[in-house]
Amino acid sequence: MCRARGCYSLSNMSTNEVMARLGAAVSALGDVDVSAWSEDTLKEQLGELSAALVALDSVLSRVAGEVRARGLRIEEPVSA
């Protein structure tokens, strides 16, 4: 995966590091509230937002597919 700061591979990271990064990503995405954005801001950011959402969907689908390919199920956690 490549970003402005360079390329890296999660496969070179420990499982704990990967899970921590995934948790941080979920937390960051949880903080996104486009309903609070003005129409002008949303229209200005729509191209970037769309590209990010499509890329995210692609990556999530790939990871989920890899889990399923190993015969495992992805289940929604049960609420306490």
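## Burial and surface

In this predicted model, 4% of the 80 residues of the protein count as buried, a class that requires under 20% relative accessible area. The accessible surface of the protein amounts to about 7,100 Å². Carbon and sulfur atoms account for 57% of that surface.

## Secondary structure

The protein contains 2 strands and 2 helices. Along the sequence, these elements are arranged in the pattern β-β-α-α.

## Helix H2

Helix H2 covers residues 39-69, a run of 31 residues. The distance from its first C-alpha to its last is 42 Å, close to the 45 Å expected at 1.5 Å a residue. Within H2 there is a bend of about 55° at Leu46.

After H2 comes Gly71. The phi angle of Gly71 is positive, near 85°.

## The second largest pocket

The second largest pocket encloses about 260 Å³ of space. Its lining is formed by Leu29, Val32, Val34, Trp37, Gln45, Glu48, Leu49, Ala52, Leu53 and Leu56. Helix H2 makes the greatest contribution to this lining, supplying 6 residues.

By residue class, the lining comprises 8 nonpolar residues, 1 polar residue and 1 charged residue. Among the residues that line the pocket are Trp37, Gln45 and Glu48; of these, Trp counts as nonpolar, Glu as charged and Gln as polar. The helix that gives the most residues to the pocket lining, H2, is also the helix that bends at Leu46.

Conventions. Residues numbered from 1 in each chain as written. Predicted model: local features only at pLDDT ≥ 70, side-chain atom pairs only at ≥ 80, totals over all residues. Heavy atoms only, no water. Helix = DSSP H or I, 4+ residues; strand = E, 2+ residues; numbered from the N terminus. Buried < 20%, exposed > 50% of the residue type's maximum accessible area, 1.4 Å probe, protein only. Areas by Shrake-Rupley, 256 points an atom, 1.4 Å probe, with all protein chains shown as cover. Expected span 1.5 Å × (residues − 1). Bend = angle between axes of the 7 residues up to and from the residue. 1 Å grid on protein atoms, 1.4 Å probe; cavity = no way out; pocket = protein on both sides within 12 Å on 5 of 7 lines; lining within 4 Å. Points joined across faces, edges and corners; volume = space filled by probe spheres on them.
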